[in-house]
Amino acid sequence: MNKSDKDGSAGATDLWIRLDNNAISDVAVLVAKANEVDLILVTGSISPMDLSHLGGHFGIPKIEGE
């Protein structure tokens with residue numbers, strides 16, 4: 001997804017998810033801005049249902065149509 005920061009500068013965010021037996025085993029998020037690049041890697045097993053239950057907490061967006 002592409003977005004603009006509050007100051008109007010362009011940015012891009014990529015999300016990669018690895019599935020292992022219908023459970024999420026790894027997540028990587030790459031956030032690129034004009035003068036900064038952040039990479040977030042989370043390793044561990046979580047089912048999509050468990051992830052949907054976390055929506056709305058800990059800064060995780062609520063998933064519509066649960």
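## A walk through the strands, starting at Val42

Let us begin with Val42, which belongs to strand 4. Please keep in mind that this is a predicted model. At a relative accessible area of 47%, Val42 is partly exposed, because the buried class ends under 20% and the exposed class begins over 50%. Which residues does Val42 touch once its neighbours within four places in sequence are set aside? The contacts are Ser25, Asp26 and Val27.

### The fold in outline

Before going further, a look at the whole chain may help. Its secondary structure consists of one helix and four strands, and these follow one another along the sequence in the pattern β-β-β-β-α. The chain has 66 residues, of which 18% count as buried. If we take contacts between residues at least 6 apart in sequence, 8% of them join residues at least 24 apart.

### Ser25 and its surroundings

One of the contacts of Val42 is Ser25, and Ser25 has its place in strand 3. Is Ser25 buried or exposed? With a relative accessible area of 12%, Ser25 is buried, since that value is under 20%. Beyond its neighbours within four places in sequence, Ser25 is in contact with Arg18, Leu19 and Asp20, and also with Val42, Thr43, Gly44 and Ser45. Strand 2 covers 10-20 and strand 4 covers 37-46, so the first three of these contacts fall in strand 2 and the other four in strand 4. The side chain of Ser25 also makes a polar contact of 3.5 Å with the side chain of Asp26.

Asp26 brings us to a charged pair. How many salt bridges does the model contain? The count is one salt bridge, and it links Asp26 with Arg18, whose closest N and O atoms are 3.4 Å apart. As a general point, side chains of opposite charge can pair when their charged atoms come close. Arg18 is exposed, because its relative accessible area of 52% is over 50%. Arg18 is thus a partner of Asp26 in the salt bridge and is also listed among the contacts of Ser25.

### Pairs apart in sequence

Three pairs of residues show how separate parts of the sequence are placed in space. Their C-alpha to C-alpha distances are given here.

| Pair | Apart in sequence | C-alpha to C-alpha distance |
|---|---|---|
| Lys33 and Ala12 | 21 residues | 6.7 Å |
| Val42 and Val29 | 13 residues | 8.7 Å |
| Ile46 and Asn22 | 24 residues | 9.2 Å |

Lys33, in the top row, is found in strand 3. Lys33 counts as partly exposed because its relative accessibility is 33%, which lies between the 20% and 50% limits.

Ile46, in the bottom row, lies in strand 4. At 25% relative accessibility, Ile46 also counts as partly exposed. Leaving aside neighbours within four places in sequence, Ile46 is in contact with Ala23, Ile24, Leu51 and Leu54. Helix 1 spans 48-54, so Leu51 and Leu54 give Ile46 contacts in the helix.

### After the helix

Gly55 lies in the segment that follows helix 1. Gly55 is buried because its relative accessibility of 6% is under 20%. If residues up to four places away in sequence are not counted, Gly55 touches Ile60, Pro61 and Lys62.

### The largest pocket

Finally, let us turn to the open space in the model. Rolling a probe the size of a water molecule over the atoms shows where empty space is left. The largest pocket has a volume of about 340 Å³. It is lined by 16 residues, and those closest to its centre are Leu15, Ile17, Val27, Ala28 and Val29. Of these, Val27 is also a contact of Val42.

Which strands supply at least two residues of this lining? They are strand 2 (10-20), strand 3 (23-33) and strand 4 (37-46). Strand 4 gives the most, with six residues. Sorted by class, the lining holds 11 nonpolar, four polar and one charged residues.

Note on methods
Residues are numbered from 1 along each chain as its sequence is written. This is a predicted model: local features need pLDDT of at least 70, side-chain atom pairs count only at pLDDT 80 or more; totals for chains, interfaces and linings use all residues. Side-chain values use heavy atoms; hydrogens and water are left out. On a 1 Å grid over the protein atoms alone, a cavity is a set of points where a 1.4 Å probe fits but cannot get out, and a pocket is an open set with protein on both sides within 12 Å along at least five of seven lines; lining residues have an atom within 4 Å of a point. Grid points are joined across faces, edges and corners, and a volume is the space filled by probe spheres set on the points. Ala, Val, Leu, Ile, Met, Phe, Trp, Tyr, Cys and Pro count as nonpolar, Asp, Glu, Lys and Arg as charged, and the others, Gly among them, as polar. Buried means under 20% relative accessible area, exposed over 50%, partly exposed in between (1.4 Å probe, protein chains only). A polar contact is a pair of N or O atoms within 3.5 Å; within protein, one must be able to donate a hydrogen and the other to accept it, and residues adjacent in sequence count only if both atoms are side-chain atoms. Contact means heavy atoms within 4.5 Å. A salt bridge is a side-chain nitrogen of Lys or Arg within 4 Å of a carboxyl oxygen of Asp or Glu.
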